[in-house]
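Biologist: Could you take me closely through one part of this model, the packing of its helices, and then follow the picture outwards to some individual side chains? I would like one connected account.

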Amino acid sequence: MSAPPAEEPCVSLPATHREVRLAALPEGALTPAHFEVVTAPVPSPGPGQVLVRNRLMSVSAVMRPLTLADPDTLGLPRPPHKTGEVMRGPALGEVLRAPGTELAPGTLVRHRAGWREYALLDAAQAASIDPEALPDPAAHLSQGFAAWLGVVRGAGVRRGDTVFVTGAAGGVGSLAGQFARLHGAERVVGSTGSHDKADRLTRELGYDAVVLRGAGPIEEQLRAAAPDGIDVLLDTVGGEQLRAALAVARRNARFALVGALAAQLSDDASAPTGISTLALIARGITLRGISAMDHQDAMPAYTREFGRALREGTLSYPYTRLTGIGQAPRALCELVAGRHLGAVLVEL
């Protein structure tokens, strides 16, 4: 007699689970009242589908629900959240049932259906995780890939560079400065919004100097922090900070744009940043937008470098962990408000 298929383990499932839905689009400050935690039936997988018990999810500022007049004109890789829908975001979970797929029960997978306790996915949407690849499973939810891409492929950081990282205390920036140093940067300058974060960036994460948002014109502060100019910008913010970087950029500087938080955290998510194209041309400055979706071929190289640096202690992964799906709205609101340094994770 043949053994029962692995896809049908004897796992007792609850009838319901909790998920977080968007209750209203924000106009102004994001608050937990813009979300609702609701009870819904636990879904049942069909052939080719995977039922995952989510264990850990991440929030990032890019998840802030956006009010856009015409989102199609921006060519966003994922559609904005709509009221009444379950929120989306990266998560790690354990496969429970996966009929007709190659995913065995118990496999740890990464996917983008967080904000719920149980997720139903097509098998192609669940990427199995090598538990030996990174020393901390939570690191699989870092924004390190975007940071690494900005350093390696976006700007091509090399030995002797002076690098400016905007939003240096965020999930991307807290790793981008460290990757820049690993790739030879001589001086690394960051920007942030509080003295406490500025102290931690220099004390814990290897930044040489910090530009403090709200402490005076960004350009003046940046000129003082990088008196010889900058060779590289790793930009997660845009707006005034992008303009300041352009003003102090050396000839043939390379700008990698990996985020646009100045617009995304405002009431006008599609707001443009005015810059001098003449300055770009005259100084031969390269301006490149870079998205992880276009560089999945680099994931193995990134994972090897990230894992090695974590094990050797040449790079750290700062994050805050909250417990319970009911904390997810608070986690996102606190992150958007600048309450935390590094990544923010929710244990489900």
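Modeller: In this predicted model, the axes of helices H1 and H2 come within 8 Å of each other and cross at roughly 40 degrees. Angles under 35 degrees would count as roughly parallel and those from 65 to 115 as roughly perpendicular, and H1 and H2 are therefore oblique to each other; their crossing is right-handed. The residues that meet at this crossing are Gly144, Ala147, Trp148 and Val151 on the side of H1, and Leu175, Ala176, Phe179 and Ala180 on the side of H2.

Both helices also have a part in the surroundings of H8, since helix H1 (144-154) and helix H2 (173-182) are included in what covers the buried residues of H8. Those buried residues are Tyr302, Thr303, Glu305, Phe306, Gly307, Ala309 and Leu310. H8 itself runs over residues 299-312, and its 14 residues reach 20 Å from the first C-alpha to the last, close to the 20 Å expected at 1.5 Å a residue. Just after H8, glycine 313 takes a positive phi of about 80 degrees.

Turning from helices to strands, asparagine 54 has its place in strand S3, which spans residues 49-59. With a relative accessible area of 0%, asparagine 54 is buried, and its side chain is joined to that of histidine 111 by a polar contact of 2.7 Å. When neighbours within four places in sequence are left aside, the residues in contact with asparagine 54 are Ala91, Leu92, Gly93, His111, Ala113, Gly114, Arg116, Glu117, Ala119 and Leu348.

Arg116 and Glu117 appear again around histidine 17, for histidine 17 touches Val38, Thr39, Ala40, Pro41, Val42, Pro43, Arg116, Glu117 and Tyr118, not counting residues up to four places away in sequence. Histidine 17 is placed in strand S1 (residues 16-22), and because its relative accessibility is 3%, histidine 17 counts as buried. The side chain of histidine 17 reaches the backbone nitrogen of tyrosine 118 at 3.1 Å, while the C-alpha atoms of histidine 17 and alanine 40 lie 5.6 Å apart in space although these residues are 23 apart in sequence.

Arginine 250, in strand S12 (residues 249-257), is placed in another accessibility class: at 28% relative accessibility, arginine 250 counts as partly exposed. Two polar contacts can be described for its side chain, one reaching the backbone oxygen of aspartate 228 at 2.6 Å, and one of 2.8 Å to the side chain of aspartate 231. Both aspartates are among the residues in contact with arginine 250 once neighbours within four places in sequence are left aside, the full list being Thr162, Asp228, Gly229, Ile230, Asp231, Arg283 and Ile285. Measuring nothing beyond the model's own geometry, arginine 250 and valine 232 are 18 residues apart in sequence and 8.7 Å apart from C-alpha to C-alpha.

To set these parts within the whole, the secondary structure of the protein chain comes to 9 helices and 15 strands, and buried residues make up 49% of its 348 residues. Among contacts in the chain between residues at least 6 apart in sequence, 69% join residues at least 24 apart.

Technical notes:
Residues are numbered from 1 along each chain as its sequence is written. This is a predicted model: local features need pLDDT of at least 70, side-chain atom pairs count only at pLDDT 80 or more; totals for chains, interfaces and linings use all residues. Side-chain values use heavy atoms; hydrogens and water are left out. Helices (H or I, at least four residues) and strands (E, at least two) are DSSP runs, numbered from the N terminus. The expected span of a helix is 1.5 Å times one less than its number of residues. Buried means under 20% relative accessible area, exposed over 50%, partly exposed in between (1.4 Å probe, protein chains only). Contact means heavy atoms within 4.5 Å. A polar contact is a pair of N or O atoms within 3.5 Å; within protein, one must be able to donate a hydrogen and the other to accept it, and residues adjacent in sequence count only if both atoms are side-chain atoms. Axes are lines fitted to C-alpha atoms, for helices over the stretch in contact, and angles run from 0 to 180 degrees between N-to-C directions. Angles under 35 degrees count as roughly parallel, over 145 as roughly antiparallel, 65 to 115 as roughly perpendicular and the rest as oblique. A crossing is left-handed if the near helix is turned anticlockwise from the far one by less than a right angle, and right-handed if clockwise.
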